[in-house]
Structure formats: C-alpha cells, structure tokens
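Hi everyone, thanks for making time this morning. I'd like to walk you through one structure, so let's get it up on the screen.

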Amino acid sequence: MPKVPFEIAGHTLKPGERRQIDVPVARLYTHTPLHISIEVVHGRKPGPVMLVCGGIHGDEINGVEIVRRLLRSRSINSLSGTLIAVPVVNVFGFLQQTRYLPDRRDLNRCFPGAGNGSLGGRIASLLREEIVDHATHIIDLHTGAIHRTNLPQIRAQLEPGSETARMADAFGAPVILNAELREGSLRHYAQNRGIPVLTYEAGEALRFDEWAIAPGVRGILRVMRRLGMLSGEQRRRQPAPAELANGSSWARAPIDGILRPKVRLGARVAKGEVLGRVSDPFGNDEGDVISMADGIVIGMSRLPLANEGEALYHIARFDEIEEAETAIESFQSSLDPVTDPMY
C-alpha cells in the first residue's frame, strides 16, 4: 500500500509527520477566537485512524491528562496509521470548569449537530466534519459527574466478534458494560456510521485520579497494539480478563440527610446488603441504603449530602460474579495502595 498524506481540518500531513492544529470553533463575548486544539501523528506506515478525545464534558479532566501522557509515550514514535488526539473537546466548559456549554446544553447530546443550530449543534457539526469523520476507531474518555466517581470501566455496544468487542477486550479495564447508545452522543453518531467506539469511564470530575489515568493510558496503547498500530509486545503484566456486566442499577437515598458509607468503590455486595446509612444532622431519623442486587460497586457518590431518591451507589450485575471480583482485585493489586483512594 503506497504511503499517502493525511488530510484533516484543512491541513495535509506527510507520512511520518506530527503536527498540532487549532480548529476554529467560535468566539468569546470579547471577540477573542476560541479553538479546539488537536495533535495529529501520521505514521510512516498505513493503518487505522484512531481518534482519542477527552473533555467532551468540560469538567471531566482525567481524560485530558490521559491524552497528554499518550502523546508523550515513546510507543507512538513508530506508529502505523494515524492518531488524532483531542485533549479538550468542550473548551467552553473546560474554561468554566463545568460539564456544559454556556447555553447549558450537553455537547454529548448534540451530535450530529447542524451548522446553523444552537452553539452545541454548531460545535458538534464542526467536530463531526473536521475530526470525527476522519476516524476509523474512537476512544472517548469520561469520568463520573461532579461529586461522583467511577471504577475504571468500558462502556460500548457489544456484539460477539465485532471490532468494538475486540477493542473492549484489549483495553484491559476490569469491567465492561454493554451499554445502549444514547441519542445525540458521539458514540451514537459514530457507531451508526460503522465506526467502533469505546467509552472509558474512570474517576471523578474536576480532579486527577492516578488510579484512573495510568490504566487509561495503558488501555489505549493495548488497543492500538491489537489493531496493529504499534509494534512490540506489552511489557507490563497483562490484566485479568474483563468481565461483561449483564446490567446495572442504582441504590438510592431512602431519606434526606447525610450519608455514612459502609462499602468502597469496587466492593462486591449482596442483594439486601446495607451499603451506607443516611441520617439527619441530629441522628434522629436514619435510613439504610440497600443494594437491590448481587454485584460490584462500579460508581458511587463522593458527596455525603443526599436528598431522598438520589442515586448513591451504582451496582453492576454479573453472571459470573466471582470472576468479576477476581478481575477487580487483579486491577487493584496493580495499583499503589498508598495513593489509591479505592483501598
């Protein structure tokens, strides 16, 4: 296959070229131009075009650091194919440290967008035309929402033997959720175009969680090796095979009050188990947060203050829960117990 240049956002890269590109997106109130900055690494050898993006929700900053470390990895110096890296998609939200755009829209519900629509629609349309449509594979990086944290997990629409399933298996997260597509999301748009997409969820908004960042970088490199974009063997010990969850549900606050948690992120829990206790500031009224199923805690609230009915613990269900527990224990054992907040 001949070596060919790669064209994106009005720029042409020769084989072996690496370039940072500023894609004009809008202007601030001050008339200051705003850009989405990307870095493109176009390998000397042909191969897939991988888009890795973070910060589509502006307060989800773990993905920003994952992209930075990925671009500094020596492994991509001998790349086959092309890497498109976008550390911050929602630059408006990133500047304001918020999930949303200035009009309070969620950018990840605006795809495919429209050039003459709302701010979210216009940004989604620009991303689609200038960046997303050039990709053959996508990894979209997310965290839990504000005051919520997620165990490292892959969310994807999985079919046995599909390219998406192959990518999910290679990533090495301890849990995989077979998640339905959400209308207006990047994953919904790309998957319907036949582009396999993984969503990596890990950690908490507005903070760096090392136990989420380092596995994210390693997972992307594993996927790139599986796709033939990187040469050489993975030097680190391979993680235990991820377990596929067959569903999930939230345990909610029984009353208004202050939560005292009893289980940690990644813990195995049983149906009917008390996950935490909510009480008023005087301790007069108390209510137990009860697990509605056997499973693993893959997400939880970090804020002790809870309103009745608020989602506090995200429980994933598995056919083979012992294997899931083993995969999570293997993942946790690879982390530094001093700095890992899950211990």
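Let me begin with a question: which residue lies over the face of Trp 250? The residue is Arg 148, and its distance from the ring centre is 5.2 Å. Please keep in mind that this is a predicted model.

Arg 148 also takes us to a strand, since β8 covers residues 148-156. Strand β8 pairs with β10 in the antiparallel sense, over five bridges. One pairing to find on your screen is Ile 154, whose bridge partner in β10 is Tyr 200.

Now to β10 itself. Strand β7, residues 137-142, runs parallel to β10, and five bridges join the two. Here you can look for Ile 138, which has Val 197 of β10 as its bridge partner.

So, how many of the eight residues of β10 are buried? Eight of the eight, over residues 197-204, so the strand is largely enclosed by the rest of the structure.

Let's go back to Tyr 200. Searching the whole structure for aromatic pairs turns up one, and it is made by Phe 171 and Tyr 200. The ring centres are 4.9 Å apart and the planes meet at 35 degrees, so we call the pair tilted. Phe 171 belongs to helix α4, residues 163-171, while Tyr 200 sits in strand β10, so the pair ties together parts 29 residues apart in sequence.

Are these two rings buried or exposed? Phe 171 has a relative accessible area of 1%, so this residue is buried. Tyr 200 is at 2%, so it counts as buried too.

Thanks for listening, and I'm happy to go back to any of these views.

Conventions: Residues numbered from 1 in each chain as written. Predicted model: local features only at pLDDT ≥ 70, side-chain atom pairs only at ≥ 80, totals over all residues. Heavy atoms only, no water. Buried < 20%, exposed > 50% of the residue type's maximum accessible area, 1.4 Å probe, protein only. Helix = DSSP H or I, 4+ residues; strand = E, 2+ residues; numbered from the N terminus. Pairing = 2+ DSSP bridges. Phe/Tyr/Trp six-rings, centres within 6.5 Å; stacked < 30°, edge-to-face > 60°. Lys NZ or Arg CZ within 6 Å of the ring centre and 35° of its normal.
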